[in-house]
Amino acid sequence: MENNNIDTNILIVDDDENICQLLALYLERAGFGSVICNDGATAISKLSETGFDAIILDVMMPEMDGFEVLSEMRKFTDTPVIMLSARGESGDRITGLDCGADDYITKPFEPQELIARVKAVLRRTKPKDVAKSVKLFNLTVNITDFTVTLNSEKLDMPPKEIELLYMLAKTPMHVFTRDDLLKSIWGQAYSGDSRTVDVHIKRIREKLGDNPHWRLTTVWGVGYKIEIF
């Protein structure tokens, strides 16, 4: 099934034609277009020729499994990928995320959950009408080129720290829980320790130092916010 009249197009990659048709139906009902590929090689070829907004990729496929397909895709595209598998082992989930997946969902699944996951990765990777940079007094955070400047000097920060700081700075005074930050920055499928957020916040604070008009504040028992004085 292919629908080029819908702005958002999803690539479905699964060797089970029945599953593909079912996925396409769910997506169509949610207002998304879809293109189906039944093997990894065809999907890679299709993706290299056509732009997609997201990919639903099955793990268990003959010849090239989903992990191999994802590794090849990540050589030339950062299109968000949701892994789909009948196996729910944490090892598979971790392998998928390590290969570059944005989310991971196990079969059987509820249609509403699948659509929610698709919408979530699209919100994270393809925000509409949202500024790609934010300026807060003497701080500028840009997630288009992943740069942070403080008092006109560029700070050395890895991508995850920049994404965290951007999320906090674009909505000052709003309290984000650790779960909010984990889901938005690391994705729904992240199964690691929530203290990951605390470690990244600590490093960000060390680099920002003291500021006269704002500060990164801990709201004990809840999460974090950027407070304006």
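**Helix α8 and the nonpolar cores**

Q: Which residues on the other side of α8 are exposed?
A: The model is predicted. Exposed here means over 50% relative accessible area. On the side of α8 away from its buried residues, those that count as exposed are Arg195, Lys202 and Glu206.

Q: Where do the buried residues of α8 fall, seen down its axis?
A: The buried residues of α8 are Thr196, Val197, His200, Ile201, Ile204 and Leu208. They line one face of the helix, because seen down the axis of α8 they fall within an arc of 130 degrees.

Q: What distance does α8 reach from its first C-alpha to its last?
A: Helix α8 covers residues 195–208, which is 14 residues. At 1.5 Å a residue the expected value is 20 Å, and the helix is close to that, reaching 20 Å.

Q: Which element gives the most residues to the largest nonpolar core?
A: The largest nonpolar core has 28 residues, and Leu165 and Leu208 are among those that touch the most other members. Elements that each supply at least two residues include β7, β8, α7, α8 and β12. With seven residues, the one that gives the most is α6.

Q: Which residues of α8 is Leu165 in contact with, leaving aside neighbours within four places in sequence?
A: The contacts of Leu165 include Leu139, Val141, Val148, Met157 and Ile226. Its list also holds two residues that are buried in α8. These are Ile204 and Leu208.

Q: How many residues are in the other core, which has Ile10 among them?
A: This core lies apart from the largest one. Ile36, Ile56 and Leu122 are also among its members, and its size is 21 residues.

Methods. Residues numbered from 1 in each chain as written. Predicted model: local features only at pLDDT ≥ 70, side-chain atom pairs only at ≥ 80, totals over all residues. Heavy atoms only, no water. Helix = DSSP H or I, 4+ residues; strand = E, 2+ residues; numbered from the N terminus. Expected span 1.5 Å × (residues − 1). Buried < 20%, exposed > 50% of the residue type's maximum accessible area, 1.4 Å probe, protein only. Arc of directions from axis to C-beta. Core = buried A, V, L, I, M, F, W, Y, C linked by side-chain atoms within 4.5 Å. Contact = heavy atoms within 4.5 Å.
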